[in-house]
Every structure is written in C-alpha cells, then in structure tokens.
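Trainee: Could you take me through one part of this model in detail? I'd like to look closely at the open sheet and whatever packs on it.

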Amino acid sequence: MNEPRLAILIHGGPGSIEAYRARGLSRAYPSDKLLLLMRESTRQAAAQQWRRQIKQFSPDLLYVLNLALPGAWLALWWRRVHRLPFILDTGDVNFEMARSAGTTAWWKRPFLKWLEVANQRWAETIVVRGTRHREYLQSRNYRRVEVIRDGFCQAGEISSADVATLRAKLGLADRFVVGVMGSLVYSARLNICYGWDLIQALSLLKELPIHGLIIGDGDGRSWLEKEARRYGVMERITFCGRIPYPDVPLYLRVLEVALSTQTNNLPGQVRTTGKLPEYMAAERFVLASRVGEAELLLPDCMLVEYHGEVDAEYPHRLAERLRALCANRSLLEARHSLKAVAERHCSYAVLSQQFSRLVASVITARR
C-alpha cells in the first residue's frame, strides 16, 4: 500500500511523553513518509518553524497530539485554508478539566472551550485514550471517535539487584513502599494535588512500616510537603522528583503498591492516564479509584470506591486496603496478571497497528 505522507505535531521535546507516544504509534510507519515536529522553543517560534516544515514536506494528513498551542491552532488553519485533513489525539476533556481544577484563569477558558470544540468539529477523526471518553463524545454527536490507549515504556532487563540498589539509594530498604507517579499540580479550587490521598492514608497507618514514594514534580510539591508535615508523616514520604522516562520501569519496581486516583467527575471518568499502563506493565499491585478506564482494565480486588470530586473518606478506604495488603502480602500476587493485560491493550506493538489502520482509513475515506 502507498502510505500517505504524515506529519505529527508534538507539544514537547524529544524526551517528552508526547514524543514517546508519537514514536511508539508511528514505529511501523515508513520513515520517508513521516515527519515528527517537536516543540523545543516558544509557541510562536514553534508555530513559524512548523508552518515552514509542513509547507516543505507537503503532507496528506496532520496528526495533532493533544489540544495545545501551536498545534491545535495550526491544524485548524491548514484545514480551513488548505483543506488539509487532520486527526486530533487527546486524552482529556480540556475545558471541563480546567474548569473543575481551577488551574486555568477564568478569562482564558472561553478560548480554551472554542479551541477544543473547533478541533473536535473539524478533525477527520478524534483519537481518545479511554472508552468512557469515546462514549461521552459520541453522546455529543461526534461519530468519528477511536480509542488508542496510552502506551508504556518498554523496559530492558531489570534485575533484583538493580531494584535493591535503587531502594538503598532512596533509603527504602526493607520498607513496604506505596507510591504515586504523576504531575504534581495543585488545584486551588479543589484544594488537592496528586498524592494527597497517599499522605492522608499514611497518617492513618502510623503503626505500620509503610513508606510513601512520590515520583514527579510540579507546583504542588511544596503543598504536598506542607500537608505531610501537617499530618506528621513527612519522615515517611520520599519525594524523588521528576525522572527520565526510560527510568520509569525501574523506579516503579521499588513499589509494592501503586496508587491511581481519579476524581469521580467527567475529567476523571474519561481518562486512562498514562501512569496506569506503566503500573500494569511493571506488574505492580494497583489500588485505583473505581473511575474511568481503571474499572475496565483492573480486577475488582484493585478497585476502591470514590465519590464526587473530592472524597474525604477515600483515604480511609485506601488505608483499610493498605493495612490488609501489608498484613497478608500474598494478596499482592494478583499483580502478576497485569502485564498480560497491558501487553494486550497498551503495548505499542498493538497501538501502532491501530494507528496505521486509522491513518489508512482516514485517507481512504477522503479519497
């Protein structure tokens, strides 16, 4: 088959999660028909550079990773002015997430809403990461919606000695480690940050040798540290900051239990979240809120009820489950079933095939 010329617009540099997704999805695509455009400077500079490169490459199709500038704007411009079709790949309901979390200034939200609706309306196909997201968009009369889930980092050989060395480096030898991985963004409206539930759960488990590990960074880290001091668990939490993506599989193997908590509202319900496939591929026992894609991918023994946007009782339910796991560690063996699920639904060997079929179908339909 004569594949179309494809340009992928990536809102991040070569080491970004977006770049890894783009390379993973397009791994089987002919390199001479593929252009990866990465943002390594300001939005304005990237817009000018991408516009020149798109013109020179003359693609048959654009693939936009995430609703951000300048890619989302350029896709609309090329579609309206040059009739160049594009596929939109998004993992969130951006406007609702900004409104719910309160992390975007109110005066920016109308533009964010317009940009999201315009891209969804003019895209040939909308690619989402979760089943609930597809159902939500289809309920709003968007019919061309496909699910291509988040992938995971393919790990090389990781020995028990490698894990033991990292545990010692982090001061976690002989500890029952419970952790989270993600962007630490504080929501002033909800008064929470990713990892808040871990800190509160630890405060209810002071009699047990459980230690928390938080992987990631962001403006919410100082808030989390303040909360850890307020709850008296600062000495039982290790903040290791942001780590290179290739190191993720090793760091996750330090954990006995990985937490994946989504709020039970629209932004939480539509997400797979990139961390969930990583946890599964690393065969970690996951405790996840019974929200969104986690409910479809994880066994029932790993799901915890969560109600509303901020569930004040959730840390108590989490603490009960952690106490049971710490007391009976044979329960952790359920984690060994997760790698096969991740390989079946989230490996780039599978996702890249879905990607290639989608690109071909879009071009065929256009012709």
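Mentor: Here's a walk through that sheet, strand by strand, with a couple of side stops afterwards. Keep in mind that this is a predicted model.

The sheet is open and has six strands, and going across you meet them in the order S2-S1-S3-S4-S5-S6, with parallel pairing. At the edges sit strand S2 (34-38) and strand S6 (145-147), each of which pairs on one side only. Ignoring direction, neighbouring strands here are turned against each other by 20° on average. In general, strands of a sheet pair through backbone hydrogen bonds, parallel or antiparallel.

Now zoom in on strand S1, residues 6-10: five bridges join S1 to S2, and the two run parallel. If you want one pair to click on, take Ile8, whose bridge partner in S2 is Leu36.

As for what packs on the sheet, have a look at helix H16, residues 348-366. Helix H16 touches S1, strand S3 (61-65), strand S4 (86-90), strand S5 (125-128) and S6, and its direction makes about 135° with that of S3.

Two side stops, then. Strand S8 (residues 210-215) is joined to S9 by four bridges, and these two run parallel; Gly212 has Ile237 as its bridge partner in S9. Strand S9, residues 237-241, is mostly covered, with four of its five residues buried.

For the surface, go to helix H5 (residues 109-122), where you'll find Trp114. Trp114 counts as partly exposed because its relative accessibility is 42%. Together with Trp73 and Phe111, Trp114 makes a nonpolar surface patch of about 340 Å².

Technical notes
Residues are numbered from 1 along each chain as its sequence is written. This is a predicted model: local features need pLDDT of at least 70, side-chain atom pairs count only at pLDDT 80 or more; totals for chains, interfaces and linings use all residues. Side-chain values use heavy atoms; hydrogens and water are left out. Patches are made of residues with over 30% relative accessible area and no salt bridge: like charges are joined within 9 Å, nonpolar side chains (Val, Leu, Ile, Met, Phe, Trp, Tyr) within 5 Å. Accessible areas come from the Shrake-Rupley method with a 1.4 Å probe; for residues, only the protein chains shown count as cover. A salt bridge is a side-chain nitrogen of Lys or Arg within 4 Å of a carboxyl oxygen of Asp or Glu. Buried means under 20% relative accessible area, exposed over 50%, partly exposed in between (1.4 Å probe, protein chains only). Two strands pair if DSSP finds at least two bridges between them. Axes are lines fitted to C-alpha atoms, for helices over the stretch in contact, and angles run from 0 to 180 degrees between N-to-C directions. Contact means heavy atoms within 4.5 Å.
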